[in-house]
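Biologist: Could you take me slowly through the residues that the database record marks as a binding site, and then through whatever enclosed space can be found in this predicted model?

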Amino acid sequence: MRNDKRKVVLVGCGMVGMSYAYAMLNQNAVDELVLIDVNKLRAEGEAMDLNHGLAFSGSHMRIWAGDYSDCTNADIVVICAGVAQAPGENRRDLLKRNMVVFKSIIDPITESGFNGIFLVATNPVDIMTEITYKLSGFNPRRVIGSGTALDSARLRYLLGSYIQADPRSVHAYVIGEHGDSEFVPWSNATLATKPITDIIAESNGKLSIEELDRIEEDVRTAAYKIIEAKRATYYGIGMSLTRITKAILGDENSVLTVSANLRGEYGQNDVFVGVPCVINSAGIQRILEFSLTDEEKAKFAKSCDELRATYAELEDK
């Protein structure tokens with residue numbers, strides 16, 4: 001990790017990418033931010049718009065529209081690019097098209113001499129992170145997907161509201177695929193160090209275990225509801241990516257649920273999936289392996305199996 005300038009290159013200037021850029025500007029997260037998009041004029045306009053707000057911020061960022069040569073000395077390349085799903089198009093065909101897009105992105109980035117960390121947000125994020133890993137040839141510790149970081153934030157917000165506690169004091173995680181097979185290992189959910197299940201048991205009926213199922217379902221379906229209401233979700237993931245970026249650039253050793261390559265953790269191998277990880281300037285410093293119940297282990301294994309099957313199907317076509 002370079003120590004002079006904190007430099008990030010953003011590939012993809014759609015709503016997710018620009019929500020990330022806007023959050024980065026307002027949090028003064030980097031010194032240099034480069035915007036790359038297949039539509040160069042769009043990237044130039046977005047850079048201008050952000051720069052015009054610098055006078056109102058506490059930031060001294062340099063922001064410009066660039067190209068893949070700007071990745072040479074970047075600390076992080078964040079990928080938010082991808083094609084949208086066409087009407088009637090299945091998930092596999094969408095993945096095939098996005099794989100072609102990613103090859104057109106990853107190849108020039110690696111050819112530039114980039115030696116930093118990839119951070120991937122394009123959905124389905126676990127699969128696209130694995131594709132980035134395979135195409136780049138990077139150490140998997142330096143290829144990170146946004147995973148279930150946002151899902152875990154949604155969980156803490158909803159759970160904190162239910163038990164009337166600050167979400168920042170709620171320690172609960174969503175793990176597995178960022179998608180329909182994700183789940184909450186409630187055996188590890190706590191308020192400070194007190195198990196959530198104990199808090200419910202001691203509530204004299206004011207709180208119920210059944211309500212946890214509703215909260216978990218609300219977390220799992222949150223994106224669908226947002227998309228139905230406003231056609232896309234982007235603010236939350238933009239702030240989530242900013243949080244991950246700051247953990248890397250600040251060498252924080254912070255725990256975030258990102259998409260990481262498992263090598264025996266939780267009994268799983270050769271799959272990128274959302275798990276709690278210690279994040280620092282090296283990328284994924286280590287994967288935290290929680291103690292799961294037998295039921296939770298089965299749910300996690302099922303989620304990993306589904307991701308492996310999807311990737312295998314993608315390679316076979």
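Modeller: In its unreviewed entry, UniProt lists under "binding site" the residues Gln 85, Arg 91, Asn 123, Pro 124, Val 125, Asp 126, Asp 151, Ser 152, Ala 153, Arg 154 and Thr 233. From this set, the lining of the largest pocket in the predicted model takes in Gln 85, Arg 91, Asn 123, Pro 124, Val 125, Asp 151, Arg 154 and Thr 233.

Asn 123 can serve as an example from that list. Asn 123 sits in the loop that runs between strand β5, residues 117-120, and helix α4, residues 125-136. Its relative accessibility is 44%, and because buried means under 20% and exposed means over 50%, Asn 123 counts as partly exposed. If the neighbours within four places in sequence are left aside, the residues in contact with Asn 123 are Asn 98, Met 128 and His 178.

The enclosed space is a separate topic. A search of the whole structure finds 1 cavity of 30 Å³ or more, and the largest cavity holds about 40 Å³ of space. Its lining is formed by Pro 140, Arg 141, Ala 260, Asn 261, Arg 263 and Ile 284, and strand β10, which covers residues 254-263, gives the most to that lining, with 3 residues. Sorted by character, the residues lining the largest cavity divide into 3 nonpolar, 1 polar and 2 charged; Pro 140, Ala 260 and Ile 284 count among the nonpolar ones, Asn 261 as polar, and Arg 141 and Arg 263 as charged.

How values were computed. Residues numbered from 1 in each chain as written. Predicted model: local features only at pLDDT ≥ 70, side-chain atom pairs only at ≥ 80, totals over all residues. Heavy atoms only, no water. UniProt positions renumbered as here; feature names shortened; annotations may be inferred. 1 Å grid on protein atoms, 1.4 Å probe; cavity = no way out; pocket = protein on both sides within 12 Å on 5 of 7 lines; lining within 4 Å. Helix = DSSP H or I, 4+ residues; strand = E, 2+ residues; numbered from the N terminus. Buried < 20%, exposed > 50% of the residue type's maximum accessible area, 1.4 Å probe, protein only. Contact = heavy atoms within 4.5 Å. Points joined across faces, edges and corners; volume = space filled by probe spheres on them.
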